[in-house]
Amino acid sequence: MSLWSKLAFPLILCLLLAGCGARAPEDGEGGAVVVGFSQLGSESAWRIGNTASMEKAAKAHGYGLMLDNANQKQEKQISAIRSFIAYQVDVIAFSPIVETGWDNVLTEARTAGIPVILTDRMIDTRDDTLYTAYVGADFLEEGRKAGEYLIRKADAIGAEHLNVAEISGTLDSTPMRERQQGFMQAIEGDPRFTVIESISGDFLRSKGEECMRDLLDRYGPEGIDVIYSHNDAMTLGALDVLEAAGVKPGVDMILISVDGEQAAVDALREGRVNCIVECTPDLGEHVMTLVEALTQGKPIPKTTHPEETVFTDFDDLSNLAPRGY
Ligand code: AHR
């Protein structure tokens, strides 16, 4: 940050943040390094945990964090990034709600000489110099793990044929696209599985409920053997609907979910969910470590994937530590 920016900090920041709704670093919260972080929303416990992880790591590193919550709106993310550019933050981090539509604003960041770290989700661009690094899950691998679990479960119960309904995440988002692709790759060519439907629940619990109601109306409980849901929030919504309809999830229907939030892990322990592919929201420390390297002029890896596991009804989960989200 230039001396000019530091001196004009309070006034300019207030003006900019009034426009984009971002929260400014408070006194004592930040030092010389300022990171602008555009979070896509607060649609799930995962997302709230992810925001907390970024805040905690920024504080631990002594960085100021300009945080903007876009409430699921791409236009809000774009205008937050523009505010960060105008403020001349040291690094921009953002979690893109969808993959497309970022080239213009990222070109503006590059022209301003501000490195961009994509967190949690990827973008679709022909020019990968528009971002400096990506920190987030390997969503393709998550989808494959979900498919591999289904094969194992079908073997274990001796299933001859299973109808699978998919409740997907936000359309045009990386986790939605790759969790679907990885799952399909894993079960491809296995005649025991028919994917009867894929509908989007937008990663929201309320929409997970709606999707489940819609699926039950159209296929009936007897027409669906497996629900593959792209996140725990939607799974928890689907559970409510299934149980209200007299279906025993985890017993009458196999439920496969993604994330590993506490409420879903509890449901897995109770036998109401069969498998959860972990997706960790704890990305903050990875991101701030890269920020530190960048501000010291050190090279950083283009891609960082956190370690993730799978929790299933084949495992003993009695010693699993509290999830923290
Ligand atoms: O991008 C990660 C996904 O977004 C998580 O699985 C989900 O819970 C969140 O909304």
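1. A residue is called buried when its relative accessible area is under 20%, exposed when it is over 50%, and partly exposed in between (1.4 Å probe, protein chains only). With that in hand, Cys279 counts as buried at 2% relative accessibility, and Cys275 counts as buried at 0%.

2. A word on the basis of this note: the model is predicted, so local features need pLDDT of at least 70 and side-chain atom pairs count only at pLDDT 80 or more, while totals for chains, interfaces and linings use all residues. Residues are numbered from 1 along each chain as its sequence is written, and side-chain values use heavy atoms, with hydrogens and water left out.

3. Why do Cys275 and Cys279 form no bond with each other? A disulfide is a pair of cysteine sulfur atoms within 2.5 Å, and the sulfur of Cys275 lies 13 Å from its closest cysteine sulfur, in Cys279, which is too far for a bond. The count of disulfides comes to 0.

4. Now to the largest nonpolar core (a set of buried Ala, Val, Leu, Ile, Met, Phe, Trp, Tyr and Cys residues joined through side-chain atoms within 4.5 Å). Among its 69 residues, Ile92, Trp102, Leu150, Ile256, Met288 and Val291 touch the most other members. Helix H3 (residues 74–87) gives this core its largest share, 6 residues; helices here are DSSP runs (H or I) of at least four residues, numbered from the N terminus.

5. Have a look at Ile256 too: beyond its neighbours within four places in sequence, its contacts (heavy atoms within 4.5 Å) include Leu150, Tyr228 and Cys275. Apart from this core lies another, of 27 residues, among them Ile167 and Cys211.

Notes: Helix = DSSP H or I, 4+ residues; strand = E, 2+ residues; numbered from the N terminus.
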